[in-house]
Each structure stands twice: as C-alpha cells, then as structure tokens.
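Work through the exercises below with the model open. Try each task before reading its solution.

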Amino acid sequence: MLILYGGKRSPFVRRVAIWMALQGTPHTREVADIFGADFERFSARNPLVRVPVVTTPHGDLIETAAIIDYLETSADADQRLLPAAGAERIACLQIIALANAIAEKGVAYVYETERRPPDLVWGDWVQRLATQLRQGLAALEAQTPEAGWFGGANPNGADAAVVATIDFLGTVPDFADPTARPHLDALARRSLAVQAFAASHPSAI
Ligand SMILES: N[C@@H](CCC(=O)N[C@@H](CS)C(=O)NCC(=O)O)C(=O)O
C-alpha cells in the first residue's frame, strides 16, 4: 500500500491526498515533523526534507507533479483525473499550474509572516508576495465555474489542485476572507459534500 507523508496544512500534500481519494487509490497517511524532530530522519526519504513524499513499490517519490504523474500513469483509464490529450488537457494543466503557483506563493507568504523572526521580515518582499497572490487569485477566480466542477459533471485534477490551494489560503489570516473570490469559495464549499475532499480538509485531520 502507498504511504503519503505530510501534514494537514500543506496544499501540495492535500492535492495528492484528494487525488488518491478521487482515484480510489489505497494508501495510508503519515505526518512528518519536518520542521522539528523528523528533520534528520526524513532526509532519507527526501534529501530536501520537504513533503509530500509518497512511498511506493518503486521507492520514495518526491515533488507533487512527479507524484501525480505516477498516480495517473498507474491508474486505470477510467480513474484518471487528467484529460487524455488536446485542448482539454492543456486547459486542465494550466488551471493546475495556476493553482500550484498560488500555493507556492502562499507557502512563501506563510514562511515570511509566521516563521521568520519579526525583526528580519522584509516588508517590500511581503508586499510583493501579497500582490502576486491577489493577482493570481483574481485570475483563478475569473476561470472558476459558478456551478459544478472544472471537470464538468465530476471533479478532475484541476478541482483537486484548486480546492487544496483555496482551503490552504483559508488558514492564512491575510487571505482567509473569501468574499473577494465568490466562485472559488463556492467551489471549496461544494467540495465538502464529497468525501474525497472532506476527509483531508485542513480542519478534518
Ligand atoms: N515543489 C514542491 C514543494 C513542496 C513544499 O514546499 N512543501 C512544503 C510544505 S507545504 C515543505 O515541505 N516545506 C519545507 C521546506 O521547504 O523546508 C512540491 O510540489 O512537492
């Protein structure tokens, strides 16, 4: 059985968790304290000491995109969450890319505002991150369906990536207010009715 390593707040770990659940891929979940006690031990799984890591029969896999590629290419065709080819695949991967880029900037914002000692915070950089986040969220909001899913009648990989990113930002006080992104907020709320999303919500595990 696959093992997914990573904590409940990470948008990258959550995307993998949602992906596995939507596909019906059996796995167990292990939390790793990569900022504390597990730092040295975890470097055997990922020399960069980052999550997610997924332990598979092919070894420990690192980096969300490579893990998702493994999940997609291991799954039966009817379990895959990415369109097979063409314009639909390009569009889906671009939504995932935008959601991923927002998640990266959101994580950087958290490191700057929550982990860095206050007297070492560089205000201009924090402002740059905030601007990038607002612009990225506005672009994603403009492409988000008012009803249903990015995947149409059923959620696909874009829904997994977007919901993971939006729910993560819900844990970041400066970006937790959903009123500026009504379609994204509605998508995230709709997702809670689906067990594959609800089971890994940051407040649920
Ligand atoms: N590009 C990586 C990013 C993973 C990442 O930044 N994970 C964070 C948790 S949200 C982490 O492990 N941070 C620890 C560190 O960077 O030292 C991926 O997509 O897997």
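**Exercise 1. Find the domains of the chain and describe their contact.**

Step 1. The domain assignment, automatic or from a database, gives domain 1 (2-79) and domain 2 (86-194). Residues are numbered from 1 along each chain as its sequence is written. The model is predicted: local features need pLDDT of at least 70, side-chain atom pairs count only at pLDDT 80 or more, and totals for chains, interfaces and linings use all residues.

Step 2. The centres of domain 1 and domain 2, taken over C-alpha atoms, are 20 Å apart.

Step 3. Domain 1 brings 8 residues to the contact and domain 2 brings 12. Contact requires C-beta atoms, placed from the backbone, within 7 Å.

**Exercise 2. Describe the largest nonpolar core.**

Step 1. Such a core is a set of buried Ala, Val, Leu, Ile, Met, Phe, Trp, Tyr and Cys residues joined through C-beta atoms within 7 Å. Buried means 20 or more other C-beta atoms within 10 Å of the residue's own.

Step 2. The largest core has 47 residues; Trp19 and Ala160 are among those with the most contacts inside it.

Step 3. Helix α6 (157-169) is one of the contributing elements. α6 gives the most, 9 residues. Helices are DSSP runs (H or I, at least four residues), numbered from the N terminus.

Step 4. Each of domain 1 and domain 2 supplies at least three core residues.

**Exercise 3. List what Trp19 touches.**

Leaving out residues up to four places away in sequence, Trp19 touches Ile68, Leu71, Leu81, Gly157 and Ala160.

Key:
Contact = placed C-beta atoms within 7 Å. Buried ≥ 20, exposed ≤ 12 C-beta atoms within 10 Å, placed from the backbone. Helix = DSSP H or I, 4+ residues; strand = E, 2+ residues; numbered from the N terminus.
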